[in-house]
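Visitor: I'd like to learn how to read helix packing in a model. Could you walk me through one?

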Amino acid sequence: MTGSDDPLSHALIQERAHHDACRAALTAMVAAAADQVVIGENAFASGADAEVLGRQLRDWAKEVREEPHGPLFFGRLDFAPYHPTTPLTAAAGPTAGATVHAAAEAPAPPGDHEGQSYHIGRRRISEHPSAPPLVIDWRAPVSRAFYQAGAHDPQGVAVRRRFGWAPFSTGASTDLTGLEDEHLARGESGPGAIVAAEIERPRVGPMRDIAATIQPEQDDLVRSDLTHSLCVQGAPGTGKTAVGLHRAAYLLYTYPQRVQRAGLLILGPSHTFLSYIAEVLPALGERGIRQSTLDDEISRHPVRADDSPAAAVLKHDARMAGVLRRALYARVQPPTEPLTVPDGSYRWRVPLDELAQIVAEVRAEEPPYAVGRERVRTRAVRALRLRAERRSGPRTDGWARKVERAAAVTAFVGAVWPRISPEEVLAEFLTDPVDDSLTTGERAAVRWVAPPRSHRSARWTAADLVLLDELSGLIEHPQGFGHIVIDEAQDLSPMQCRAIARRAGFGSLTVLGDLAQGTTPWAARDWSEQLAHLGKEGTPVVPLTTGFRVPAAIVGLTNRLLGALDVRVAPARSLRTDGAVSIRRVGDLVAATVETVREGLAREGSIGVIADEPDAHRLRTALEAAGIATAAPAGTSGAAAGGAAAGGARVTVLPATVAKGLEYDHVVVAEPAAIVAAEPRGPHRLYVVLTRAVSRLDVLHERPLPPELGEVPAGSVESVEWR
């Protein structure tokens, strides 16, 4: 046991005292926030101002009140000058925050922090609003040195301290159990045991934030400017999803008014995935951020029908943008007669050639269809007004509004630029899909076999909703966002990309994905083309190839698949040397899976059993019959939260099709050949499945391994284990 005179023990006592002071300050912040709600609501007797202020204060009070009951800081920076005679670091007692000045939360040269000490945490904590902070927000400018400073470039930092925490025995809170110092001024640098332990901590429950362990290359991406779009090509386990979420939190902190005014949207591939990441932003102090799927964003109708594979592929093809534009604007027709409008004893007339010129000019301007319709109306009325004013003097705006509503004007606009809905256009096209860009076979693939009596009774497919959104965007621009984070972007079709582009015309994007994990029939093979469809051509693509989550043994296996995939990505590497891979040919897949799971339950952490759809059902039934509680992943029937299972069960059984983005400590992959054979991009799906494990991977198979996996090295195919 460490003696009380030991410098480490002394530093722990001081840091625990500082944490107690931070906890007391946070408690006071909660009470003050509640008081502000009462004061604010009483400040105005009535009116919109009182309602807005009250809502803002209630949101703030709720945010502070719901602060997770965990460690309030994870790091500390001591800026030079540093005195080696001081035990480990400068004093860190309850009053240490008094040395922290407001400059820490504003951009400043490293020299401005000389001699200062800052604790870094997930949110700012102070004893009162005007007091120096006891904890600096990880997004504050000075906090960047915590992630970027090193022995080669200390950035003015003498010591970087990291803290280790463990739950109290009651489980209600956490206790500071250790600390590690990197003396950058002495040339010491690099992650130690505390960082490794945090990265390798068992994955139970939803995804966690990585504020304490962000690496320099990740930090560069997180702190990218709001106006800059970026694309992250991230190998499995490199933290690309965490980068995107932390970038969202950083933008909200750094540009609060701009982002809140313009809006921020997180787009995930599925509700399962959204459930898994749902706790990350709240843990970073950001609540109320819209997290959605693209299907939810474009949903105009329930999906009540399915497409054939050929029809779905065509409907997602980029050519459909031109097909739909032509189908819509085919309704715009040149006028066939002059426009005559009675006005008392006068009759004002616009000749046919001038009307034709109005329609042609508006069409050439290519405005949204609904805007074009109103431009035609406005310009026709202007032509009438000019004639009336030349004949009998100025006309009022009221006169112009009356003429706009005249039956003759309405009939003219309706004839040359008729009002139309997306549903009408698409229903007509699917009834008779005539377009010169489509082959006979393609027209047959999308043609309705039994057309509905009207568009109102149509049974739309998921791909139809993408086409309806395209038409809706041609008619009228949708609401946009200041920034959109898109995860698993490699799986988006060109038409889905266009739906996102319409919502980010004046905003920026964070595009996250891995070409090797593309599993849809229209998955991207190249980022430059995908970014062009997203309306962000020329956006830089930043590769992340160093993994922190997936052990090297698993990465070594999955890298063998890359040569069989139809994309070019750099092989991943891992900094983790722990973990184990076992590949076994078995006589009874079900029995072997039950045995492997039972053995896995003797170890700590979550277990994911992944197979193709029929096998997943069989295996779940067998595990339950063996007395092993199981659940489906979050966002599906029998939902669990991320790696956890419903009812506290540690075992999740899931089909390969929903595994993307999830992670488990121990993964059991049952019959990889069946996973590959289940879909056209089966090797990509297997690549996804094999990279869901963060500690141990067991591959069980009755059938021969897929050829894409190659020959199993070092031993008999019957039983091979890598450690």
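Visitor: Is the crossing of α13 and α14 left-handed or right-handed?

Guide: Right-handed, for α13 and α14; that means the near helix is turned clockwise from the far one by less than a right angle, while anticlockwise would be left-handed. A caveat: this is a predicted model, where local features need pLDDT of at least 70, side-chain atom pairs count only at pLDDT 80 or more, and totals for chains, interfaces and linings use all residues. Residues are numbered from 1 along each chain as its sequence is written, and side-chain values use heavy atoms, leaving out hydrogens and water.

Visitor: What describes two packed helices?

Guide: The angle between their axes and the distance between the axes. Here α14 (residues 369-392) and α15 (residues 397-404) pack at about 125 degrees, with axes 10 Å apart. So α14 and α15 are oblique to each other (neither under 35, over 145, nor 65 to 115 degrees).

Visitor: Which residues of α14 and α15 make the contact?

Guide: With contact meaning heavy atoms within 4.5 Å, α14 brings Arg377, Val381, Leu384, Arg385 and Ala388, and α15 brings Asp397, Trp399, Ala400, Val403 and Glu404.

Visitor: Which residues of α16 are buried?

Guide: Buried is under 20% relative accessible area, exposed over 50% (1.4 Å probe, protein chains only). In α16 (residues 407-416), Val409, Phe412, Val413 and Val416 are buried. They span an arc of only 95 degrees around the axis, so they sit on the same side of α16; the arc is taken from axis-to-C-beta directions. Exposed Ala407 and Ala415 are on the face turned away from that buried side.

Visitor: What covers the buried residues of α16?

Guide: The cover includes β10, α13, α14 and α15.

Terms used:
Axes are lines fitted to C-alpha atoms, for helices over the stretch in contact, and angles run from 0 to 180 degrees between N-to-C directions. Helices (H or I, at least four residues) and strands (E, at least two) are DSSP runs, numbered from the N terminus.
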